[in-house]
Structures are given as structure tokens and as C-alpha cells.
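User: I've got a new model open and I'd like to talk it through with you. Can you take my questions one at a time and show your reasoning?

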Amino acid sequence: MRNRFGTLVISLVFASAAGMSAAAQEPPAWAYAIPPAPPAGSPAAAQPAPDTSLKRLPGSNFEFTRAQISNRFGPADWFPGDHPTMSDIVARGKQPDAWACGLCHYPNGKGRPENAGVAGLPTSYFIQQLNDFRNGKRKSAEPRKANTNIMITIAKALTEHHQSLVDIVPAAVQSTPEHTIRHAVIPLHPGVEQYFREHGYLK
Ligand code: HEC
């Protein structure tokens, strides 16, 4: 009896330790900008009326509404003097999936805090990252992290808008699926191969 009780206590200790370590391994949702789930059974929150007031920033002569600031295909450019003329993909993107790079990385490439800074990156690294996002080799450890997933969709969309990519990184001229397939010296990564098959570049 005593033995059996002892075994039960030990099993409970192990069970709760396993539960605790599973919870401890769960990444904190706030760190990945995952909105907390509403309490079970609560009614859907009413959408607030859109804020149409004009916003200003110290040092900028412009004013924009919230909708203009976060326009995916033409976001606000607060400081047009602090960067060279933007190429079309940076300023306006390509409908429907290639959002304007300037929305998240800013027109000057320095990037919002929650996104990466891309100004001054070595060309080969820049192209490699876009290829890796597209080919499933670069993703967030937290699959619900929305902005990384959007970046992945954008990198995929750039395959269909190759000239736009070449406009910002001329060295990307050879970074086409056709060129990669023709000149592959080692077997394609399974993620690349799957992408190329799904999109008809490989039969
Ligand atoms: C919705 C916001 C968003 C938009 C729009 C966006 N990106 Fe990104 N981008 C990100 C995020 C977030 C990351 C970092 C992803 C990660 O590592 O989790 C990133 C990373 C990158 C990187 C890698 C940076 C590094 O240091 O490794 C490159 C290159 C890049 N983006 C290029 C582009 C280009 C080119 C465009 C426009 C065609 C674009 N991005 C549009 C959000 C965005």
C-alpha cells in the first residue's frame, strides 16, 4: 500500500514537472506579437470607427491619416529628403501580394523596430535572404508571427516580379528559377524543388 502510494506521488510529481516544462518551452506570445485570445464565450469586439484625423511627426512637413500611413501599396513617406528616389516596388509594391517594401523597412531602408533594417546589407546576403524566405529555408520559430509570414509571401511574389527586384538589387538579375535550375551544381534544396514544381518551373 505504502509502495503504491509512493509510486503514485512520484508519478504525479513527474507528470506535473512534464506539464511545467511544456509550458516553460512555449514562447511568450507577446514577444511574437500574437494577440491574446478573447475569453471563451465573449461576444466579438465591435470594430472601432476608423481614425481619419491627420497625424504629424516632429521634423516632417507632411500629415497623413492612419490609413495613408499603413497603405500597403503606397505608405506615407514622412521624410522624402532622407533617401534617394524610391523604386516602384519600394514605394508602391505590386498587387496583390508584394507589399511596398517601404511600409515595413521604411523608404530609407532602416526598418520599423519590429522589422529588419535592410539598408546597406551586402547584395549577395540580401538576395540569399529573399531566396531563403521563398524556398522555406528562413522562417520564424513561431509560425504565427505574422510579419515574417508576410515577408515570406512577399519574397515568393517577387519571383513573379523579377524586374522589380532587379530594380533595387541589380545583381539579382541571375536570381531567376530558370537560371537556378540550369546552373545548379548541387541538388536543389527540397523546399526550392517543391516551390519550383508547384509553380511550373520544374516538370
Ligand atoms: C509586412 C512587413 C514587410 C514588408 C512589406 C516587407 N518586409 Fe522584408 N522583412 C520583414 C520582416 C518582419 C523581416 C524579418 C523576418 C524575420 O527574420 O523574422 C524582413 C526581412 C527582410 C530581409 C532580410 C533582412 C536581414 O537582415 O536578414 C530582406 C532582404 C527583406 N526583408 C527585403 C524586403 C523587400 C525587398 C521588400 C519589398 C519587396 C520587403 N522586404 C517588404 C517585413 C516586411
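**Talking through the model**

Analyst: Sure, and keep in mind that this is a predicted model. To start with one residue, R66 is partly exposed, with 14 other C-beta atoms within 10 Å.

User: Where does R66 lie, and which residues is R66 in contact with once its neighbours within four places in sequence are left aside?

Analyst: R66 lies in helix 2, which covers residues 66–69. Its C-alpha atom is 7.7 Å from that of S53, 13 residues apart along the chain. Leaving aside neighbours within four places in sequence, the contacts of R66 are D51 and K55.

User: Zooming out, what pattern does the chain follow along the sequence?

Analyst: The chain has nine helices and two strands. Read along the sequence, the order is α-β-β-α-α-α-α-α-α-α-α.

User: What share of the chain's residues count as buried?

Analyst: For a residue to be buried, 20 or more other C-beta atoms have to lie within 10 Å of its own. Of the 203 residues of the chain, the share that counts as buried is 14%.

User: And among contacts between residues at least 6 apart in sequence, how many join residues at least 24 apart?

Analyst: Take the contacts in the chain between residues at least 6 apart in sequence. The portion of these that joins residues at least 24 apart is 45%.

User: Are helix 5 and helix 6 roughly parallel or roughly perpendicular?

Analyst: The axes of helix 5 (residues 123–134) and helix 6 (residues 146–160) come within 8 Å and cross at roughly 105 degrees. Angles of 65 to 115 degrees count as roughly perpendicular. So helix 5 is, relative to helix 6, roughly perpendicular.

User: Which residues of helix 5 meet helix 6, and how do the residues in that contact split by class?

Analyst: On the helix 6 side, the residues are M151, I152, A155, K156, L158 and T159, and they meet L130, F133 and R134 in helix 5. By class, the contact comes out as six nonpolar, one polar and two charged residues.

User: Which residues is A155 in contact with, leaving aside its neighbours within four places in sequence?

Analyst: A155 is one of the helix 6 residues that meet helix 5. With neighbours within four places in sequence left aside, A155 is in contact with L130, F133 and R134.

User: Which element gives the most to the largest nonpolar core?

Analyst: That core has 15 residues, and A98, W99, A100, I154, A155 and L158 touch the most other members. Helix 3 (88–91), helix 4, helix 5 and helix 6 are the elements that give two or more residues to the core. The one that gives the most, with four residues, is helix 6.

User: Now the ligand. Which residues come nearest, and which element gives the most to the shell?

Analyst: There are 21 residues around the ligand, and C101, C104, N147, T148 and M151 come nearest. Helix 4 (101–105), helix 5 and helix 6 each give two or more residues to the shell. With six residues, the element that gives the most is helix 6.

User: How many residues of that shell are charged?

Analyst: The shell around the ligand includes 15 nonpolar and six polar residues. That division leaves the charged count at no residues.

User: Backbone oddities next: which peptide bond is cis?

Analyst: Most peptide bonds are trans. Here P96, in the loop between helix 3 and helix 4, is the residue to look at. With omega near -5 degrees, the cis bond is the one from Q95 to P96.

User: Is A33 buried or exposed, and what about Y106?

Analyst: A33, in the loop between helix 1 (2–25) and strand 1 (55–56), has a positive phi near 55 degrees. Y106, in the loop between helix 4 and helix 5, has a positive phi of about 65 degrees although it is not a glycine. With 12 other C-beta atoms within 10 Å, A33 is exposed. Y106 has 22 C-beta neighbours inside 10 Å, so Y106 counts as buried.

User: Last one: which residues is T123 in contact with, leaving aside its neighbours within four places in sequence?

Analyst: T123 lies in helix 5 and counts as exposed, with 11 C-beta neighbours inside 10 Å. T123 and A172 are 49 residues apart in sequence, yet 8.3 Å apart in space, C-alpha to C-alpha. With neighbours within four places in sequence set aside, T123 is in contact with V169 and A171.

How values were computed
Residues numbered from 1 in each chain as written. Predicted model: local features only at pLDDT ≥ 70, side-chain atom pairs only at ≥ 80, totals over all residues. Axes fitted to C-alpha atoms, helices over the stretch in contact; angles between N-to-C directions. Parallel < 35°, antiparallel > 145°, perpendicular 65-115°, else oblique. Contact = placed C-beta atoms within 7 Å. Nonpolar A, V, L, I, M, F, W, Y, C, P; charged D, E, K, R; others polar. Near = placed C-beta within 6 Å. Core = buried A, V, L, I, M, F, W, Y, C linked by C-beta atoms within 7 Å.
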